[in-house]
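Here are my notes on the two-chain model, for your review. Please read them with the coordinates open.

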Amino acid sequence: MRKYIVKKVLLFIPAIFTIITITFFFIRLAPGGPFDKDKNVPPEVLQNLERYYHLDEPLWKQYIRYITNVLKLDLGPSFRKPSYSVREWIVLRLPVSIELGIYALTFALSIGILCGFVSALKQNTWVSSLIISLGIIGICIPNFVSGPLLALFFGIKLDLLPIAGWDLPQQKILPSLALGFIYSAYILRIFHSSLTEVLNKEYIRTAKAKGLSQSRILIVHASKGALQPVVSFLGPAGANLLTGSFVIETIFHIPGLGREFVEATFNRDYTMIMGIVIVYAVLILIFNLTVDIIQGWLDPRISYD
Amino acid sequence: MLKINNKGKLSASLIFAVLIFSFLLPHIMDLSIERQDIELGAVRPSFEHLFGTDILGRDLLARVLYGIKVSFWIGLSATAVALIIGVTYGCISGYFGGWVDILMMYIIDTLYTIPFSMFVVILMALFGRNFYLLFLAIGAVEWLTMARIVRGRVLSIKQQDFIASGKVLGFSNTRILIKHILPNTLGIVIVYGSLTIPQVILLEAFLSFLGLGVQPPMCSLGSLIREGVEVMEEYPWLLIIPSVVFISILFLLNILGDALKELLPESKT
C-alpha cells in the first residue's frame, strides 16, 4: 500500500511538468498580450512593462525562468494585480473554494446516499419511483441552471437566504446546494443501482435467512459493497466540481479561485492562469489518489501492484 | 434498431417535433431574433409574445427556437469531430495492439487526468470566440471515451475468423480496417455518439454561460440563460423559460441515449 502511494506520488511529477509545459506554450501561442486592453499606453511604458515581466526575452528563456521559479514555489507576480504575487493571491482565494467544494460534496453524498437507501428499502413503491424520477431529472440540471434557479426562488422570491457573498454561514447554503445538486442526482442513481444489485447477492440472502432486520442488512452488510461505484464516480466528479466552481462562484459573487480563474483568462493574466492551473492539477491528482485509497479499503480484492 | 423501447421512441419523436418546430415556427409566425422594440422593453409572456420579450424588446420565443437550433447544430458537429478522432484512434490502437496499443492507451489515460474544461476555457478566452473553434475544441475534449470504447470493440472483432481469413487472403491492414472492422463498430459508435450529443450541448452551454461560446447577435440556450441571470430579479421569465427548455432537451436526449444503450449486446446480460 505504501509502495503504491509512493509510486503514484512520483508519477505526479511528470504529469505536473507536462501540464505546466503544455499550458505555458498554449497561452503564449495565443494572439495578443496582457497589456492590450490598456488603451493609450506610451510605447516606452509598454517596453518597460515588458522588460519588468521579462516578456521581451525569447520564449524558451522565459520558459526556463518560469520552471526554475516554480521549483522554488515562486509563481511570479500577477500581471493585472501588481501589488500581489500570484502565490499570495492563491493562498488568499483557495481556502474559499475548498470550503465550498467540501460543503457541496458533503451535501451531494448525504442526499444521494440517503435517497439511495430509501429507494432500495421501499423497492417497487411510489416512493422509490418518485426518487428515481427525480434522479433522472436531476442529472439534466447542470450547475449554471440550478444555481440561478435556486437563487431566484429561495433568494429573491421567498427572500429566505442571501444570494451573494461568503462571510456569514447563511450565505454559504445556496452556493453549496447549487454546486452539489447535480452530483447528488448522479450519486443517487449510481448508489440505487449498485445497492439493488448487491441485494440480489447470496450473502444477503443468507443474512435475510438468519432473520436480520432489513435496515441492518442494508447498512451493515450491503452498503460497503454498494458504495464502491459511488467512490469511483467521485474521481472524475472532483475535476467537474472545479469547473462547476467557475460558474457558482461567478453567480453568487464568491471570492474563490474559480471566479479568479475566469477573470484571469479574460484579462490574459498569464502568470495567474498558470498558477491556478498548477494548483488545480495538484488538487485533482491528490483527490484521485485519495479515491484510489478509499477504494482499496472498501474492496480488499483490489491489488496495488 | 427497430426494437427500441417505448420511452426511447417517445423521446425520439419529441426531439424530432421540437426540431421541426424550431425550423418552421419562425417562418409561420414571422419571428426574428434581432428585431428590437426598445419602447416595448421586457414584457411578460402573452398572446402576442408567447414567451415574452427581453429588455431590448426582442421576442424570446424566437430566440429560444434559434438557441435550440444552435445547440443541436453544435451538438451534432462537435460529436462528429469527436467521432472521427475517437474512431480513428480507437481502431488503430485496438487493431495493431502491442506497444502501439500500450502507448496510445497511456496517452488517453494521461489526458483523462487533465482538467480539460479548463483548457477549453483558456482556449476560447485567448484564441478568440470563433464559432468553428468552439466545436473543434468541444469535439477535441469528447473523443477520449469514444476512442476507448471503439478500441475495446476492435479488440474483440479482430479475434474473429473472418479477420484471420482476410489476412490469409493477403488483404492490406488498411483494407481490413476500413472494409471489415469499421462497419462492425458502427452499432456501438452510433449509441455512444448519441450519448455524446447531450454532453456536447452541456459543454457548449457552459461556455456560452461564461460568455465564451456563441457570440451576439447569435444566441444559444446557454447564452440566453446567462442573459436571464443578469435580469432575473425584475424579469424572471427570461431565466426560467430558457432553463426549462434546456433541461427538457437534455432530458429527452438522455432518455433516448439510455434506450439506445439497451440495444447493445453487452447490456443484455
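1. Domain interface in chain A. Domain 1 and domain 2 of chain A bury about 1,600 Å² between them, and carbon and sulfur atoms give 76% of that. Buried area here is the accessible area (1.4 Å probe) that two parts lose on being put together, summed over both. On the domain 1 side, A:Phe12, A:Ile27 and A:Tyr66 lose the most area to domain 2 of chain A, together 29% of what that side buries.

2. Ground rules. This is a predicted model, in which local features need pLDDT of at least 70 and side-chain atom pairs count only at pLDDT 80 or more, while totals for chains, interfaces and linings use all residues. Residues are numbered from 1 along each chain as its sequence is written, chains are lettered from A and ligands numbered from 1 in the order in which they are written, and side-chain values use heavy atoms, with hydrogens and water left out.

3. Domain bounds. Domain 1 of chain A covers 2-71 and domain 2 covers 89-298; such bounds come from an automatic or database domain assignment. Their centres, taken over C-alpha atoms, are 33 Å apart. The contact (heavy atoms within 4.5 Å) takes 22 residues from domain 1 of chain A and 17 residues from domain 2 of chain A.

4. Polar terms between the domains. The rule finds zero salt bridges across the interface of domain 1 and domain 2 of chain A. A salt bridge needs a side-chain nitrogen of Lys or Arg within 4 Å of a carboxyl oxygen of Asp or Glu. One residue pair is in polar contact between these domains, both residues at pLDDT 80 or more. A polar contact is a pair of N or O atoms within 3.5 Å; within protein, one must be able to donate a hydrogen and the other to accept it, and residues adjacent in sequence count only if both atoms are side-chain atoms.

5. What domain 1 presents. Helix H1 (2-29) and helix H3 (59-71) of chain A each supply at least two residues of the side of domain 1 that touches domain 2. Helices (H or I, at least four residues) and strands (E, at least two) are DSSP runs, numbered from the N terminus. H1(A) gives the largest share of that side, 13 residues. The side divides into 16 nonpolar, three polar and three charged residues. Ala, Val, Leu, Ile, Met, Phe, Trp, Tyr, Cys and Pro count as nonpolar, Asp, Glu, Lys and Arg as charged, and the others, Gly among them, as polar.

6. Chain interface. Chain B and chain A bury about 3,400 Å² between them, 85% of it on carbon and sulfur atoms. Chain B puts 34 residues into the contact and chain A 38 residues. In chain B, B:Met118, B:Phe119 and B:Leu126 lose the most area to chain A, together 19% of what that side buries.

7. Polar terms between the chains. Which residues form the salt bridge? B:Asp258 pairs with A:Arg189, the closest N and O atoms being 3.9 Å apart. One salt bridge is found across this interface. The count of residue pairs in polar contact is zero, with both residues required to be at pLDDT 80 or more.

8. Chain B elements at the interface. Helix H4 (116-126), helix H7 (173-209), helix H8 (221-230) and helix H9 (237-261) of chain B give two or more residues to the side that touches chain A. H9(B) gives the largest share, ten residues. The side divides into 27 nonpolar, four polar and three charged residues.

9. H4(B). Ten of the eleven residues of H4(B) are buried, so the helix is largely enclosed by the rest of the structure. Buried means under 20% relative accessible area, exposed over 50%, partly exposed in between (1.4 Å probe, protein chains only). The cover includes H1, helix H9 (214-251), helix H10 (257-267) and helix H11 (270-298) of chain A, together with helix H5 (131-157) and H7 of chain B. Just after H4(B), B:Gly128 takes a positive phi of about 85 degrees.

10. Backbone check. Most residues other than glycine have a negative phi. A:His253, in the loop between H9 and H10 of chain A, has a positive phi of about 50 degrees. A:His253 is partly exposed, at 48% relative accessible area. A:Arg268, in the loop between H10 and H11 of chain A, has a positive phi of about 55 degrees. A:Arg268 counts as buried, at 16% relative accessibility.
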